[in-house]
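Me: I have a chain open here and would like to go through it piece by piece. Could you help me read it?

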Amino acid sequence: MRVATRRAAGLDEGGWKGELRDEVRAYFDAMAEGWHTRTSPQRSAIVSDALARGVEATGVPAGLVVEVGSGIGTYSPLLSERFGAVVAIDLSLAMLRLAPTKPAFRVQADGSRLPLRDASTAAIVLINAFLFPAEVARVLAPDGVIVWVNSSGECTPIYLSSADLLAALPGKWTGTASQAGAGHWCVLRRTGV
Ligand SMILES: C[S@@+](CC[C@H](N)C(=O)[O-])C[C@H]1O[C@@H](n2cnc3c(N)ncnc32)[C@H](O)[C@@H]1O
């Protein structure tokens with residue numbers, strides 16, 4: 001997963017090719033049934049902390065909020081509570097099938113090719129999910145926000161440090177990074193191209 005994470009983010013060579021995407025999708029399709037065992041109040045508390053302290057500090061423009069790599073929808077209630085309407089996107093249909101139909105709208109798509117217009121999104125939420133920097137930069141509003149969470153800190157399989165996150169993203173950003181329990185989070189708001 002580390003190799004795929006860095007390739008998706010453009011930090012290592014190889015890129016996000018069809019073969020890698022198919023491998024990742026098959027992996028998560030197979031994991032879907034047991035994914036609920038990876039959820040816990042402690043993990044939810046990390047997301048709550050990122051929303052409370054990180055998003056509160058940066059602010060978020062009005063508009064659509066999209067969670068990419070939403071899995072079985074564990075964090076949809078927390079996100080909807082904070083943002084209102086949320087679109088939850090995942091590559092794995094098996095994961096999406098296990099997600100509740102509310103409060104988020106469910107969409108199957110590849111985060112490297114989001115079915116969203118340029119600059120249409122106020123915030124992109126990535127919780128233990130791949131970062132596709134160019135696509136995130138394309139769909140985010142000029143002053144949009146990224147919420148990045150690694151539930152197990154540096155031990156998270158899909159992990160990037162805040163420095164890697166900033167190195168991978170095009171443009172200028174300001175924000176806050178912190179830790180909560182075992183987790184790390186970083187909330188960034190775009191300030192320029
Ligand atoms: C590690 S799981 C995290 C799920 C959830 N965010 C959580 O923390 O419980 C990563 C999720 O990203 C999805 N995923 C993997 N590659 C993706 C892609 N290219 N586009 C969208 N989702 C993807 C997987 O299917 C999986 O549901």
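Me: In what order do the elements of the protein chain run from the N terminus on?
Reply: This is a predicted model, and in it the elements run α-α-α-β-α-β-α-β-β-α-β-α-β-β from the N terminus on, made up of 7 helices and 7 strands.

Me: And the overall dimensions, what box do the C-alpha atoms fill?
Reply: Taken along the principal axes, the C-alpha atoms of the protein chain fill a box of roughly 40 × 35 × 30 Å. The radius of gyration is 15 Å, which agrees with the value near 16 Å that a compact globule of 193 residues would have.

Me: What share of the residues counts as buried?
Reply: Of the 193 residues, 50% count as buried. The protein chain exposes about 8,900 Å², and carbon and sulfur atoms supply 54% of that area.

Me: What about contacts, how many join residues at least 24 apart?
Reply: If you take the contacts between residues at least 6 apart in sequence, 57% of them join residues at least 24 apart.

Me: Charges next: how many positive and negative side chains are there?
Reply: There are 19 positive and 18 negative side chains in the protein chain, and the centres of the two sets lie 3 Å apart.

Me: Now the strands. Which strand does strand 1 pair with?
Reply: Strand 1, residues 64–68, pairs with strand 2, residues 86–90, in the parallel sense over 4 bridges. In that pairing the bridge partner of Val65 is Val86, while Val68 has Ile89 of strand 2 as its bridge partner. Strand 1 is also joined to strand 4 by 4 bridges, and these two strands run parallel as well, with Leu64 standing opposite Thr121 in strand 4.

Me: Then where does strand 4 go, what joins it to strand 5?
Reply: Strand 4, residues 121–127, is joined to strand 5 by 6 bridges, and the two run parallel. One of the pairs is Ala123 with Val145, the latter being the bridge partner in strand 5.

Me: Why is strand 5 described as largely enclosed?
Reply: Strand 5 covers residues 140–150, and 9 of its 11 residues are buried, so the rest of the structure largely encloses it. Strand 1 is likewise largely enclosed by the rest of the structure, because 4 of its 5 residues are buried.

Me: And strand 2, how many of its residues are buried?
Reply: In strand 2, 5 of its 5 residues are buried, so to speak a mostly covered strand. Val86, Ala88 and Asp90 point one way from strand 2 while Val87 and Ile89 point the other way, and all are buried. As a general matter, the side chains of a regular strand alternate between the two faces of the sheet.

Me: Different topic: where is Arg21, and is it buried or partly exposed?
Reply: Arg21 sits in helix 2, which spans residues 18–31, and with a relative accessible area of 27% Arg21 is partly exposed, because buried would require a value under 20%.

Me: What is Arg21 in contact with, apart from its neighbours in sequence?
Reply: Once the neighbours within four places in sequence are left aside, Arg21 is in contact with Trp16, Leu91 and Asp110. In addition, the C-alpha atoms of Arg21 and Ser112 are 9.7 Å apart in space, although the two residues are 91 apart in sequence.

Me: Before I use the backbone, which residues does the cis peptide bond join?
Reply: The cis peptide bond joins Lys102 and Pro103, with omega at about 5 degrees. Pro103 is found in the loop between helix 5, residues 93–98, and strand 3, residues 105–108.

Me: And Ala119, what is its phi?
Reply: Ala119 has a positive phi of about 55 degrees although it is not a glycine. The place of Ala119 is the loop between strand 3 and strand 4, and Ala119 is partly exposed, with a relative accessible area of 41%.

Me: What about phi of Asn128?
Reply: Phi of Asn128 is near 55 degrees, again a positive value in a residue other than glycine. Asn128 lies in the loop between strand 4 and helix 6, residues 133–139, and is partly exposed with a relative accessible area of 22%. For context, most residues other than glycine have a negative phi, and most peptide bonds are trans.

Conventions
Residues are numbered from 1 along each chain as its sequence is written. This is a predicted model: local features need pLDDT of at least 70, side-chain atom pairs count only at pLDDT 80 or more; totals for chains, interfaces and linings use all residues. Side-chain values use heavy atoms; hydrogens and water are left out. The radius of gyration is taken over C-alpha atoms; the globule rule is 2.2 Å times the number of residues to the power 0.38. Buried means under 20% relative accessible area, exposed over 50%, partly exposed in between (1.4 Å probe, protein chains only). Contact means heavy atoms within 4.5 Å. Accessible areas come from the Shrake-Rupley method with a 1.4 Å probe; for residues, only the protein chains shown count as cover. Lys and Arg count as positive and Asp and Glu as negative; His and the chain ends are not counted. The place of a charge is taken as NZ of Lys, CZ of Arg, CG of Asp or CD of Glu. Two strands pair if DSSP finds at least two bridges between them.
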